[in-house]
Each structure stands twice: as structure tokens, then as C-alpha cells.
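Subject: The structure we talked about

Hello,

Here is the structure I promised to pass on to you. Have a look at it first, and then read on for what I found in it.

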Amino acid sequence: MNIKALQYQVAFGDVKENLTKVRKQFERAELKETDVVVLPEMWTSGYDLENIRIHACQDLEPAKSMISELAQEYDVNIVAGSVANVKEDPDEVYNTAFVVDRKGTLVYEYSKMHLVPMLNEPEYLAGGQDKVETFTLDGNTCGVVICYDLRFPELFRDLALKGATSIFVVAEWPMARKAHWEVLIKARAIENQCYLIASNTYGEIGEIGGQEFAGRSMIIDPFGKVIDETADHGDGVVTGRLDGNEVARIREEVPIFDSRKREMYHFL
Ligand SMILES: NC(=O)CCC(=O)C(=O)O
């Protein structure tokens, strides 16, 4: 699969502007021969949590319809980052990631289970209750997690054991903890011997003195090598070709899945 993960600045609390921005990013990204496009976290609203109910999508709309149109127009699968989203209960807003295939069909949806205390998410958002599952894009088994989830290796192991060979991380990761971002993305790829594809936003977002985000979107191979990365600042696209045979080769060379001792891991 040929992947492009987009790095751009999400507009704070402006859903209309953010929908337009995504269209423009698609126009600029030169998507010929691309199989999957990846967007960052909370891309319709940013972290405007005080007004999140106003900005929230309802059952992923209007974001899903626009993404579905783009998928068909460009003939690509889209790991559509995440959006603030209301489901049945109008009082609960989730941070929901979703994925559509080339036909524009929704193939997967996941609401962030680990809410970030450092960004006040638990005060404004509801935590997702569904277990993460894999989904298939062009015959490849994939998983998606959202930003702070990166700190929970159990989640990644669960996806790897369910067969994921590529895991997408959609993020608005702050500059204050950039060093963790870089190390953890690589660690999750190495320990699960799979591709990690991470899309982050960058720059100061919010009112004056708002949160600064770290950029540095990346694609890492199953041996931990950086295939491509962006700078900390500025719009950019990371590009990589993912090869299922490479995952199998690395897993044979360093056979950690065979060496696991499940019965010894008392916390499981
Ligand atoms: N948007 C996020 O989940 C940020 C996570 C974060 O700030 C951290 O893990 O550190």
C-alpha cells in the first residue's frame, strides 16, 4: 500500500474552515498511485473543548459525507483522523476516529478510550467503550488509535495479535512532550514489528498562547526505521510504501511473537 499522511494546521473551533482545509490538502497532495490518506486528530474543531458540543459532528456528519466524496473522487482509502462526535446521547461527545474505503463506505469507527488529563479531555469528552478491532484496506489488516493511546502498549499488542500489520496513529500531540512522541512511535513499531503511520498537527492552535503542537508526522517500518518524516513546523506530507512481506520477514528474523510467555504475564 502507498500511504500519505497529511500534516497541516487545524483551525481552532472553525468546522467550516477545517472542511475546506481538508479539500485543499487533498488537492495539493498529488494523490496519484496513493492507496491510503491519513488525517490528524480532532481535525474539524481542534481542542476548542469549551465549545465542543457546538462543533461536534452528529453520527460523524458532516465530516463523513465529505470524506466519502473525497475517497471516491480520488479513488483512495482514507483513515479520516478523528472528530468530536455525538452518537445516541446528545450530552456525550466522543473523540471518534473513522475510516472509509475507496468506494466511500465507512469500514471502521473507534472512539478514543484513554482521555488525556493534560488537555482536560475527561472534563469535556466521554471515553469510548468499544474494544479496538482491526479493519481491512485493500486486503491489508490495519488498526487505528488516537494520540494519547500511544502511551498504552497493551492496545497495540492487542491489535498486533489480532493481525494488524499497519497501525495508524492520528494525533494532536503537544510540543511539550515531543520527545515522548518520537520515541513511542518507534517503540510501538519495533515491539509489534509492524508499520506505524502517524499524522500530527503543528504550531500554536487556540486563542493567543494556545497549545503548541509538535508536527513530526512519521512512517516507521517494522524494524523501527524511519521511512519518512516531516519537520516540527509547516505543512507536509509523509509518504511510504508498506509491504506485508517485510512484516513477515522481520517477524521471522526476530521471532518475538513465538518467544512470548503469556502464562508469565500476570497482569493480563
Ligand atoms: N491529543 C492527545 O491525546 C495528546 C496526548 C498527550 O498530550 C500526551 O500523551 O502527552
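Let me begin with the ligand. Please keep in mind that this is a predicted model. Around the ligand sit Glu41, Val116, Met118, Leu119, Cys147, Tyr148, Arg151, Glu172, Trp173, Pro174, Arg177 and His180. By character, this shell is made up of 7 nonpolar, 1 polar and 4 charged residues.

One member of the shell, Cys147, deserves a second look. Its phi is positive, near 40°, although Cys147 is a residue other than glycine. You will find Cys147 in the loop between strand 8 (140-146) and helix 5. Cys147 has 26 other C-beta atoms within 10 Å, so it is buried.

Now for the chain as a whole. It has 8 helices and 15 strands. Its C-alpha atoms fill a box of roughly 50 × 45 × 35 Å along the principal axes. For 268 residues, a compact globule would have a radius of gyration near 18 Å, and the 17 Å of this chain agrees with that. Of the 268 residues, 47% count as buried. Among contacts with a separation of 6 or more, 67% join residues that are 24 or more positions apart.

Two helices are worth turning around on your screen.

Helix 6 covers residues 178-192. Its 15 residues should span 21 Å at 1.5 Å a residue, and the end C-alpha atoms are 22 Å apart, which agrees. Which residues of helix 6 are buried? They are Trp181, Leu184, Ile185, Arg188, Ala189 and Asn192. Seen down the axis of helix 6, these buried residues fall within an arc of 130°, so they line one face of the helix. The face turned away from that buried side carries the exposed residues Ala179 and Val183. As for partners, the buried residues of helix 6 pack against helix 5 (153-161), strand 9 (166-170), strand 10 (195-199), strand 12 (211-214) and strand 13 (218-220). After helix 6 comes Gln193, with a positive phi near 50°.

Helix 3 has 12 residues, and the distance from its first C-alpha to its last is 16 Å, close to the 16 Å expected at 1.5 Å a residue. Its buried residues are Ala63, Ile67, Leu70 and Ala71. These cover an arc of only 100° around the axis, which puts them on the same side of helix 3. Ser65 and Glu73 are exposed on the other side of helix 3. The cover over the buried residues of helix 3 includes helix 1 (15-28), strand 3, strand 4 (77-86) and strand 5 (93-100). Asp75, just after helix 3, takes a positive phi of about 55°. At the other end, Pro62 is in the loop between strand 3 (57-58) and helix 3 (63-74). The peptide bond from Glu61 to Pro62 is cis, with omega near 15°.

Another backbone detail is at Arg216, in the loop between strand 12 and strand 13. Arg216 is not a glycine, yet its phi is positive, about 55°. With 23 C-beta neighbours inside 10 Å, Arg216 counts as buried.

Strand 13 is also where you will find Ile219. Is Ile219 buried or exposed? It is buried, because 26 other C-beta atoms lie within 10 Å, and the cut-off for that is 20 or more. Leaving out residues up to four places away in sequence, Ile219 touches Ile3, Ala5, Tyr195, Ile197, Ile227, Asp228, Val238 and Gly240. Ile219 and Ile185 are 34 residues apart in sequence, and their C-alpha atoms are 8.9 Å apart in space. Ile185, you may recall, is one of the buried residues of helix 6.

Finally, a lysine. Lys4 is in strand 1 (residues 2-7). Lys4 is buried, with 24 other C-beta atoms within 10 Å. Not counting neighbours within four places in sequence, Lys4 is in contact with Ala29, Leu31, Thr34, Val37, Val237 and Thr239. Pro122, by contrast, is 118 residues from Lys4 in sequence and 31 Å from it in space, C-alpha to C-alpha.

Happy browsing, and do write back with any questions.

Best wishes

How values were computed:
Residues numbered from 1 in each chain as written. Predicted model: local features only at pLDDT ≥ 70, side-chain atom pairs only at ≥ 80, totals over all residues. Helix = DSSP H or I, 4+ residues; strand = E, 2+ residues; numbered from the N terminus. Expected span 1.5 Å × (residues − 1). Buried ≥ 20, exposed ≤ 12 C-beta atoms within 10 Å, placed from the backbone. Arc of directions from axis to C-beta. Contact = placed C-beta atoms within 7 Å. Near = placed C-beta within 6 Å. Nonpolar A, V, L, I, M, F, W, Y, C, P; charged D, E, K, R; others polar. Rg over C-alpha atoms; globule rule 2.2 N^0.38 Å.
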